[in-house]
Amino acid sequence: MLDDIDRRLLRYLQDDPEQPLSALAEGARIPQATAARRLEKLRSQGILKATRAVIDWRALGYAVEVSLRITLEKSPRAFEDFLTQARTIPEVIEIQTFLGRVDARLSVIARDMAHYQELYRDQILTLPHIADIEALMQVAEVSRREGLPL
Amino acid sequence: MIDAIDIALLKVLHQDASQGTADLGRAVGMSQPATWRRLKKLRAAGILKGARLELDEKALGFGVTVFLGIKLATRGRVSLEDFERAISAIPEVQRVDHVLGLYDYRVRITARDIADFERILRRRIMTLPGVGDIESNVLLSEEVREGPLGNLA
């Protein structure tokens, strides 16, 4: 099980996942070798699943981001078929499924509104088992704190 | 200004940003100094904005993630800045996006369980100034995709 040292280590790591091991160990107030060993254990236990780069799509020319809230038809294969095909659209950067008023959400990025319209018509509306779609246009990211309140 | 090697580098970093420049360089067929220069360039261009951890939230005691759609009750007179500052300060709030459409804000919240979520919702979110309609959807699954990197090369 996780102890206080593991939690402290993850807390410091999530604040700055790119810091060198020496800085991390110093922050968490443990020897570097201990930090390395514990990180390895957290990885092998699947608690630390991945460290992923954050890519700013706007800086790469994708000025439009739309959150599509989707209600699916009530059929046994609806989720599976929908998800399988949604994964093939490169401009879909996040896929989530929910328990609630909506069944799924796709984050879609596009270069501009014309590109978005094309994606929406040709790729999104043709996804299987969609009963209803609502679009929320991203205006600004107000705050983002990926970490957990450990 | 972005070439195929930059794209390859971004793809590798999207998979695993914890590796050092030597390993990254090997993955894209570049020397360590050349890789380091490219990373520096991608950061300076604002394309590479750090890294984030993907944790097993349940194993860490956070069993429930909820997305809220929030509509502000009184338009115009409510200070958006005050609302944004107040909601962003709640420790369980992981993400706040200002959106256009059915809701004004989309908020991601992590909680220990449904009871904990209810406490956060009632005591912290519903008491914020200007909050109107709130819709909650409990997250069942989530995938972060590589995105259109393949289209850029």
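# Exercises on a two-chain barrel model

The domain assignment of chain A gives domain 1 (4–44) and domain 2 (64–137), with bounds that come from an automatic or database domain assignment. This is a predicted model, in which local features need pLDDT of at least 70, side-chain atom pairs count only at pLDDT 80 or more, and totals for chains, interfaces and linings use all residues. Residues are numbered from 1 along each chain as its sequence is written, while chains are lettered from A and ligands numbered from 1 in the order in which they are written.

## Exercise 1: layout and extent

Task: find the separation of the two domain centres of chain A, then describe the elements and the extent of chain B.

Solution.
- Step 1. Over C-alpha atoms, the centres of domain 1 and domain 2 of chain A are 38 Å apart.
- Step 2. Chain B has 6 helices and 5 strands; these are DSSP runs, numbered from the N terminus (helices: H or I, at least four residues; strands: E, at least two). Their order from the N terminus is α-α-α-β-β-α-β-β-α-β-α.
- Step 3. Along the principal axes, the C-alpha atoms of chain B fill a box of roughly 55 × 40 × 25 Å. The radius of gyration of chain B is 20 Å, whereas a compact globule of 153 residues would have one near 15 Å (taken over C-alpha atoms; the globule rule is 2.2 Å times the number of residues to the power 0.38).

## Exercise 2: the barrel

Task: work out which strands form the closed barrel and which helices of chain A pack on its strands.

Solution.
- Step 1. The 8 strands run 2(A)-4(A)-3(A)-5(B)-2(B)-4(B)-3(B)-5(A), with antiparallel pairing; two strands pair if DSSP finds at least two bridges between them. On average, neighbouring strands are turned by 35 degrees against each other, direction ignored.
- Step 2. In chain A, strand 3 (residues 92–99) and strand 4 (residues 104–110) are joined by 5 bridges and run antiparallel. Ile95(A) stands opposite Leu106(A) in strand 4 of chain A.
- Step 3. Helix 4 (residues 78–86) of chain A packs on this sheet, touching strand 2 (64–72), strand 3 and strand 4 of chain A, and its direction makes about 165 degrees with that of strand 3 of chain A. Contact requires C-beta atoms, placed from the backbone, within 7 Å. Angles run from 0 to 180 degrees between N-to-C directions, and axes are lines fitted to C-alpha atoms, for helices over the stretch in contact.
- Step 4. Helix 5 (residues 113–124) of chain A lies across strand 2 and strand 4 of chain A, at about 140 degrees to strand 4 of chain A.

## Exercise 3: a helix pair in chain A

Task: how do helix 2 and helix 3 of chain A cross?

Solution.
- Step 1. The axes of helix 2 (residues 21–28) and helix 3 (residues 32–44) of chain A come within 9 Å and cross at roughly 100 degrees.
- Step 2. That makes helix 2 of chain A roughly perpendicular to helix 3 of chain A (under 35 degrees is roughly parallel, over 145 roughly antiparallel, 65 to 115 roughly perpendicular and the rest oblique).
- Step 3. Leu21(A), Ser22(A), Leu24(A), Ala25(A) and Ala28(A) in helix 2 of chain A meet Gln32(A), Ala35(A) and Ala36(A) in helix 3 of chain A.

## Exercise 4: between the chains

Task: how many residues does each chain bring to the contact?

Solution.
- Step 1. Chain B brings 55 residues and chain A brings 50 residues.
- Step 2. Strand 5 of chain B gives the most to the side of chain B that touches chain A, with 10 residues.
- Step 3. Strand 1 (residues 48–55) of chain A runs antiparallel to strand 1 of chain B, joined by 6 bridges. There, Arg52(A) has Arg52(B) as its bridge partner.

Technical notes
Contact = placed C-beta atoms within 7 Å.
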